[in-house]
Amino acid sequence: MSSGQPSDTEAPEEPRAAENKDDSDEDEGSTRPSSPRAGRQRNVTGTQGSARLESAADGGTGAGCRVSTACDSLFSWICRRTVGRGPFVDPARDHFRTMTRLYSSMSPAADSVNLSTQTHGAVFNLEYSPDGSVLTVACEQTEVLLFDPISSRHIKTLVEAHEDCVNNIRFLDNRLFATCSDDTTIALWDLRKLNSKVCTLHGHASWVKNIEYDTNTRLLVTSGFDGNVITWDTNRFTEDGCPHKKFFHTRYLMRMRLTPDCSKMLISTSSGYLLILHDLDLTQSLEVGSYRILRARRAPLSTEGSSAGSRSAGSRHTIDSKTHPHREGLSPRNSLEVLTPEIPGEKDRGNCITSLQLHPKGWATLLRCSSNMDDQEWTCVYEFQEGAPPRPPVSPRCSLRLTHYIEEANVGRGYIKELCFSPDGRLICSPYGYGVRLLAFDEHCAELVDCMPVRTALLREIRSIYSHSDVVLTSKFSPTHCQLASGCLSGRVALYQPHF
């Protein structure tokens, strides 16, 4: 366990010393007063008034004042915990201690899946079905493997799923999923009939690296090294494919993601740029020159908390309603913003954004960046300035602000290492050499909005797990179970679960 091991206590020490029973009740998520006296204390305004009340009840001995201070601290803590969360406490927040202990005790499962390296090669991507019942594995040598993640039982091998490396897998629902490959095609599969593909999609001219799905329009969205982002109308697919059109094109395209609400598209490039399409409308194709673009320039990174204007981690822009009406509420659909995310320690050299993930609640983006010299590597978290909970204004304003980062081991140069968020967004799993690191925003595994730093802060290491004999390339949390999977260059998949 690293020094970042979470503490088992969050409530102030005074209430715990004064009333152990009441504190225990609070740990279980109760927001009601633990006693009639405590209930009355909530109606007294001001600390001095509470102290006088308790002092009079105690005959002036002063013992009541100490109890009053303890109660005030307890109720202040309860108030802080429930602010902005409505009349009820979110169970996911309320039981963070339990989740922290579970995350901290993650260990390789005794029955982890062991895959032979002779047939399928490296593991490039892992994907769980939305209900967590199936784990799919995208392999270097044309294969896709399917497992029951609970029993580690092998379900099926799609021996010749493609004619080249399988790069990515995306579930459209609990049954239908898509795979993409270096053979320039995308394939649709149905778990109920795995003997053949539902259909094969042709449209890219180079390796296809990414698949997304817009649940609002039911459009499949793919991107490849040909620089194209293509949309596919899955409402009208046949055995011969489905209608498609080129949505966007950019040079040096690496990764493409949609925010959880599908209101934005983020595209990372090997030249260090990050593109954000705001107010996304996938039904409109964007030809070169037809979209509003905001030119980016690199700005120095500052960690001074007093200078809000120089704290933003993205490139800076001159904002006005003519060049970027999106900021004034006049936003045209598919407005394009171009950022150059700054990396600590990498001020004078360019960088390559190799991995791009989004917070499950849409609050932040997670990047894995490497230097152009390929001698340094970082994991960075950037908060969305728009649509996020209110923060001190940043001027000039851009969409992203660097909040957390950590330097990586930079083992396995040249390979893309895929990070992931936990389903609740509290934890990050990062491939780290021959294992994985579990990283959090603070030592309590709190949510990002509850521990937003004034200055750029280091991610906290919760646990490091080394269970592979080769470089880990990908990782994924189960969406429904407290389970984690990782895959490495030699073809082994490891499963992790809490140790009880």
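This is a short tour of some strands and cysteines in a predicted model.

Begin by selecting strand S18, residues 335–339, where five of the five residues are buried, so the strand is largely enclosed by the rest of the structure. If you then colour its two faces separately, you will find Ser335, Glu337 and Leu339 on one side and Leu336 and Val338 on the other, and both faces are covered.

Keep S18 on display and add strand S16, residues 274–278, which runs antiparallel to S18 and is joined to it by five bridges. Which residue stands opposite Leu336 in S18? Select Leu277 to see the residue that takes this place.

Next, move to the open sheet that four strands form in the order S10-S11-S12-S13, with antiparallel pairing. The edges of this sheet are strand S10 (208–214) and strand S13 (244–249), each of which pairs on one side only. As you rotate the view, look at how neighbouring strands of this sheet are turned against each other, by 25° on average when direction is ignored. In general, the strands of a sheet pair through backbone hydrogen bonds, either parallel or antiparallel.

Now narrow the selection to strand S12, residues 228–233, together with S13, since this antiparallel pair is easy to follow over its five bridges. Within this pair, select Asn228 and then His249, which is its bridge partner in S13.

Finally, turn to the cysteines, bearing in mind that the structure holds zero disulfides. Select Cys165, which has a relative accessible area of 14% and is therefore buried, as the cut-off is under 20%. Then select Cys262, which is also buried, with a relative accessible area of 8%.

Definitions and conventions:
Residues are numbered from 1 along each chain as its sequence is written. This is a predicted model: local features need pLDDT of at least 70, side-chain atom pairs count only at pLDDT 80 or more; totals for chains, interfaces and linings use all residues. Side-chain values use heavy atoms; hydrogens and water are left out. Buried means under 20% relative accessible area, exposed over 50%, partly exposed in between (1.4 Å probe, protein chains only). Two strands pair if DSSP finds at least two bridges between them. Axes are lines fitted to C-alpha atoms, for helices over the stretch in contact, and angles run from 0 to 180 degrees between N-to-C directions. A disulfide is a pair of cysteine sulfur atoms within 2.5 Å.
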